[in-house]
Amino acid sequence: MRLYVDNAKCSGCNACRVACSLNLFGENNPKKAALVIEPQFPAPGVYNVKVCTQCGDCAAVCPTEAIKQDEQGAYYVNFDECNLCEACVPECKEEVMFVRSELANTAWKCNLCGDCVAVCGTGALWIAETEAVAA
Amino acid sequence: MPAKLRFGASLRILLGGKDELTVEPGRSVRATLASLDIKPELVAMVSVNGEMQTKDYVIQEGDTVRLMAVVGGG
Amino acid sequence: MNGYGGKILRVNLTDGTVTKEPTPPDVARDFIGGRGFGIYFLLKEVPRGADPLGPENKLIISSGPISGMLIPGGGKCDWTTKAPLTGGYASASMGGHFTAEMRYAGLDSIILEGLSPKPVYLFIDNDKVELRDASDLWGKNTFAVEKQFKERLGEEFQVAVIGPGGENLVPYACINHDYGRQAGRGGVGAVMGSKKVKAIVVHGTKSIPVADKDSYRKAGMAIYKACKDAEGLKDWTRYGTTIVVSWCDEVGALPTRNFSAGSFEDGKNLYGPVMREKIVITDKACFGCPCPCGKYSRNKKYNNYVEGPEYETIGLMGSNLGIDDIEAVAQANLLCDDLGVDTISTGNAIGWAMECYEKGIFTKKDTDGLDLKFGNVEATFAVIEKIARREGLGALLAEGVKHASQKIGKGSEKFAIHVKGMEQSAYATHNATAMLLAYMTCDVGAHHNRSWAITYDLQVGRDKVVPEKVARVIWLQNFRPMFDVLGGCRLQWVELGIDRDLYVPALEAITGIHRSWEDLDKVGERIWNMTRLFWARENEGFGRAWDMPSPRFYEEAPKSGATKGQITKLEDVNKLLDMYYEQRGWTLDGLPTPETIESLGLKAVVA
Ligand code: SF4
Ligand code: SF4
Ligand code: SF4
């Protein structure tokens, strides 16, 4: 299971990122979300969405093994075990592994909670085994 | 197979709560509305299977016709 | 303070100082935010008789408690000032992502005061606030400036910027943001230009505190769910506001050739599906919106990208100018945005000039040699540019249709379509009495966003003049602007028809204060009366005469279209006002009575 995105449908509203920060940190702060919306305006006029593929590369390099896998296969950060070493960040090809110590005392990433999907009004996001299951 | 008329939230208020009606195909949206005692001009938008159409569109078998009004305004 | 950034940023441009003060809790309690903060500070801080473009006027930029939150449409920013266009109250609502970012920087309002001696921009990055030199940006168009900031500072910064229109103090200059969202009406861009503030850039990484996290999340999610389940979501998202073009054409509400009719014989070429098919490439949303109305388009004919055109612009730059080419309308839209002038007022000004030309009031000598007939696309583009730069004919049109027509005379005042000096937005009102009343009494001039009642007119009977219609207009005027107070968008309620009661628990969970819609409507009523008192304070002799619509709607019936031969009688116009004033608790001259002022707790405001 992982999160999929159809860039063409994204309207750049950022609701997903607010929902994400609420889930991860209980805070209303899209800067602390685990997905990224990159507006590309005025041309070509689309939003580029970066999401976690749950590839596990970040977990593989984490020296404290703070990044764990849950039953549905999602990798999540155990905040207490993260020592902010940033080893995971460059490993992430999707650029969605975050350490910003000025914002949080831990690394963070997508834990596949699904709240972003719940608020996305355009159907740009979905969670599935394979991309083909797309809505 | 008959066709379905579905009403958006704002029209539902105008129509006393109904949100779906089954209608016979073969007539225009305008004529169908008139036969239901709905002033056609109250309907701001007709969408048939997801595409916007005019009220002269002749309803086909199996169509889902969604009707919207703008009550609260622009 | 729960639900608030907590700070008001005060920027004194005369001496270049910036200060922060805590957001007063009692003001937050009584006026909530957005437009409420705007009128509160305007009445309190701008002295009577202030020159809209002088040092005493202020530009008050406010978010509201649902801005930047997990609430659909929490992306609206209010810009309040004394309007250069009308000399009265202006409050323009701007969508996009600016208001959310302000809140993440901890700010509820930004107040610009004084006049800067040289071009500057306001830089805000969390607690770092600076006025920086903008000499190199002065004179540039809005898109180029926004792009430059985004490249230099990153996509997380949000940018609000004026174009040449604002710099040249065109009284209907707008403020641009997010490549296509505007604070459009009343001349807020000119006020920013008078202060020599080219742009405001803001970035914040703070969290907004809420009173009850779990209830907030639940209530917010419930509104998202209601939007996503709404019957109309897909169609609305597909067409946005252009969903109503065909209907307005059908019922005679589509302004055509300077509002001389309400249906356009070539209107079909401007309908939503045509536009969707021809030019739209991306649905573009304001912050947090699940039902994006923004239709971002690629305009092949003119090789441009633009957000829109949306309904108002299609009406005023399309049918109102006799133009039936959606790509030309998109290009006109782009020019207005890029140069920083409001498409609604600009479309009216050009429509008025075209009518002057066709009637022989203007000759080519007056139009800088342009063949300014209805339908002339190239001339339209040229005039937009002239207006923003105040060149030739543009210098006259940049005064707005009220002043321009007073200057020209020859009967042209009769077809200057405005109320209180603000040009009418894109609904023709020859035979729609509730909508006509909505325009007449709107608190900024002839604008539709406070109250909109055409469907109600059709339901009750278009030419009926009955108390229910008046009551409907008043209810909408009190209630709809509350979305601008909360810092959110009304279209989820308007277009998707979601239950407004869903906002009640959300607002309570955010602010910790329970307010029913009855309470909120009351706040709306107070604000409405405050804006009226502001008009009266600033304009000697203010009263009934100011509420009169353009004679076009009671003297000249359209010669074609759905409203052919239909007109509102002058006596009905007056009857509407009589009923309106009575229901509002105002005198027959349209001023709040002492009892009304007392009962709304506004005595201190008048003193
Ligand atoms: S955060 Fe990056 S590296 Fe880690 S699982 Fe997700 S995509 Fe892979
Ligand atoms: S919620 Fe959906 S539409 Fe909005 S930014 Fe996220 S992916 Fe894009
Ligand atoms: S409906 Fe339109 S104006 Fe309202 S929040 Fe959504 S995108 Fe913005």
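Guide: A polar contact is a pair of N or O atoms within 3.5 Å; within protein, one atom must be able to donate a hydrogen and the other to accept it, and residues adjacent in sequence count only if both atoms are side-chain atoms. The model here is predicted: local features need pLDDT of at least 70, side-chain atom pairs count only at pLDDT 80 or more, and totals for chains, interfaces and linings use all residues. Residues are numbered from 1 along each chain as its sequence is written, chains are lettered from A and ligands numbered from 1 in the order in which they are written, and side-chain values use heavy atoms, with hydrogens and water left out.

Visitor: How many residue pairs are in polar contact between chain A and chain C?

Guide: There are 18 such pairs between chain A and chain C, both residues being at pLDDT 80 or more. Helix H1 (15-25), strand S3 (46-50) and helix H4 (115-119) of chain A each give two or more residues to the side that touches chain C. Helices (H or I, at least four residues) and strands (E, at least two) are DSSP runs, numbered from the N terminus. H1(A) provides the largest share of that side, five residues. By class, the side of chain A that touches chain C holds 19 nonpolar, nine polar and five charged residues. In this scheme Ala, Val, Leu, Ile, Met, Phe, Trp, Tyr, Cys and Pro are nonpolar, Asp, Glu, Lys and Arg are charged, and the others, Gly among them, are polar.

Visitor: Which chains share the most contacts?

Guide: Contact means heavy atoms within 4.5 Å. Two pairs of chains are in contact, and chains A and C share the most contacts. No contact joins chain A and chain B, whose closest C-alpha atoms lie 15 Å apart.

Visitor: What area is buried between chain A and chain C?

Guide: The size of an interface is often given as the accessible area lost when the parts come together. Here buried area is that loss (1.4 Å probe), summed over both parts. In the contact, 33 residues of chain A meet 37 residues of chain C. About 2800 Å² is buried between these two chains, with 58% given by carbon and sulfur atoms. Asn28(A), Lys31(A) and Pro42(A) supply 22% of the area that chain A buries against chain C, more than any other three residues.

Visitor: Where is Pro42(A) placed?

Guide: Pro42(A) is in the loop between strand S2 (36-40) and S3 of chain A. The peptide bond that joins Phe41(A) to Pro42(A) is cis, with omega about 0°. Pro44(A) is found in the loop between S2 and S3 of chain A, and the bond from Ala43(A) to Pro44(A) is cis too, omega being near 5°.

Visitor: How many salt bridges lie across the interface of chain A and chain C?

Guide: A salt bridge is a side-chain nitrogen of Lys or Arg within 4 Å of a carboxyl oxygen of Asp or Glu. The rule finds three across the interface of chain A and chain C. Arg100(A) and Glu156(C) form a salt bridge, at 3.7 Å from N to O.

Visitor: What is the count of salt bridges between chain C and chain B?

Guide: The count there is five. In one salt bridge, Arg6(B) meets Glu231(C), and their closest N and O atoms are 2.7 Å apart. Nine residue pairs are in polar contact between chain C and chain B, both at pLDDT 80 or more. Helices H8 (233-239), H9 (245-251), H18 (454-460) and H21 (491-494) of chain C each give two or more residues to the side that touches chain B. That side of chain C divides into twelve nonpolar, seven polar and nine charged residues. Chain C and chain B bury about 2300 Å² between them, 51% of it on carbon and sulfur atoms.

Visitor: Which residues surround ligand 2?

Guide: A residue is near a molecule if one of its heavy atoms lies within 4 Å of it, a rule that serves equally for a strand. Those around ligand 2 include Cys10(A), Cys13(A), Cys16(A) and Cys120(A). The shell of ligand 2 has seven nonpolar, four polar and no charged residues. Around ligand 1 are, among them, Cys52(A), Cys55(A), Cys58(A) and Cys92(A), and that shell has five nonpolar, three polar and two charged residues. Ligand 3 has around it residues including Cys286(C), Cys289(C), Cys293(C) and Cys489(C).
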